[in-house]
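User: I'm new to this structure and would love a guided close look at a single part of it. Could you pick a good starting place and walk me outwards from there?

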Amino acid sequence: MGITAEYQSAFTSSFQEFFGNAKDIGWELYHLSSEPENDFPSWLTFTIRNPLGGRALVFRYQRLENKFYALLKVQVIPGEENWSLDQLFHKKGYTDLDADDILSSGGEWLFHSLARHYFGIIISFCPRILEPDYFLD
């Protein structure tokens, strides 16, 4: 299995384990990657978006730098703000671990470890992070 398929599979299966079927809860899942260089993409992303929420979670792996970024993207007028989930989780006291800790200890199941870490915190402490702030009648 290639790195792109492994990344997508890890985040998709972990999402389903923690949250269920995306279509049933009204969220959209996206997978993107860069054009391959030497048979490998330089970056991979997995995005979870609630079209009614104005927010999205974006998980990005930079292969060449071996860096991982977890972001909460919030739509504001006229653009969007990007908040680091690691910083948010540390500030709120949800965890002492961040992406660097997991990258250094993830081993063979690196992407599964990253996905389970972030989804575990979200489901335990902030499960409504993508829900809309209000509903229109």
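Analyst: Happy to! Let's begin at a turn: in the hairpin of β5 and β6, four residues lie between the strands, and Asn66 there has a positive phi near 50°. Please keep in mind that this is a predicted model.

From that turn, look along the two strands. β5 and β6 run antiparallel to one another and are paired over eight bridges. One place to find this pairing is Arg55, which stands opposite Val74 in β6.

Now follow β6 onwards. With β7 it forms another hairpin, again with four residues between the strands. These two strands are also antiparallel, and five bridges join them. Look for Gln75, whose bridge partner in β7 is Glu80. In a regular strand, side chains alternate between the two faces of the sheet.

After β7, turn to helix α3, which covers residues 85-92. At the start of this helix, a side-chain oxygen of Ser84 comes to within 3.3 Å of the backbone nitrogen of Asp86. Which residues of α3 are buried? They are Leu85, Asp86 and Phe89. Viewed down the axis of α3, these buried residues fall within an arc of 100°, so they line one face of the helix. An α-helix has 3.6 residues a turn, so residues three or four places apart point the same way. On the other side of α3, you will find Gln87 and Lys91 exposed.

What do the buried residues of α3 pack against? Their partners are the strands β5, β6 and β7, together with the helices α4 (99-105) and α5 (110-125). That brings us back to the strands we started with. Just after α3, Gly93 has a positive phi of about 80°.

Let's return to Arg55 for one last stop, as it leads us to another strand. Leaving aside neighbours within four places in sequence, Arg55 is among the residues in contact with Asn50, as are Gly26, Trp27, Leu130, Glu131 and Pro132. Asn50 itself sits in strand β4, residues 43-50. Is Asn50 buried or exposed? Its relative accessible area is 7%, which is under the 20% cut-off, so Asn50 counts as buried. Its side chain has polar atoms lying 2.9 Å from the backbone nitrogen of Leu52 and 2.9 Å from the backbone oxygen of Leu130.

Note on methods: Residues numbered from 1 in each chain as written. Predicted model: local features only at pLDDT ≥ 70, side-chain atom pairs only at ≥ 80, totals over all residues. Heavy atoms only, no water. Buried < 20%, exposed > 50% of the residue type's maximum accessible area, 1.4 Å probe, protein only. Polar contact = N/O pair within 3.5 Å; in protein donor to acceptor, adjacent residues only side chain to side chain. Contact = heavy atoms within 4.5 Å. Arc of directions from axis to C-beta. Pairing = 2+ DSSP bridges.
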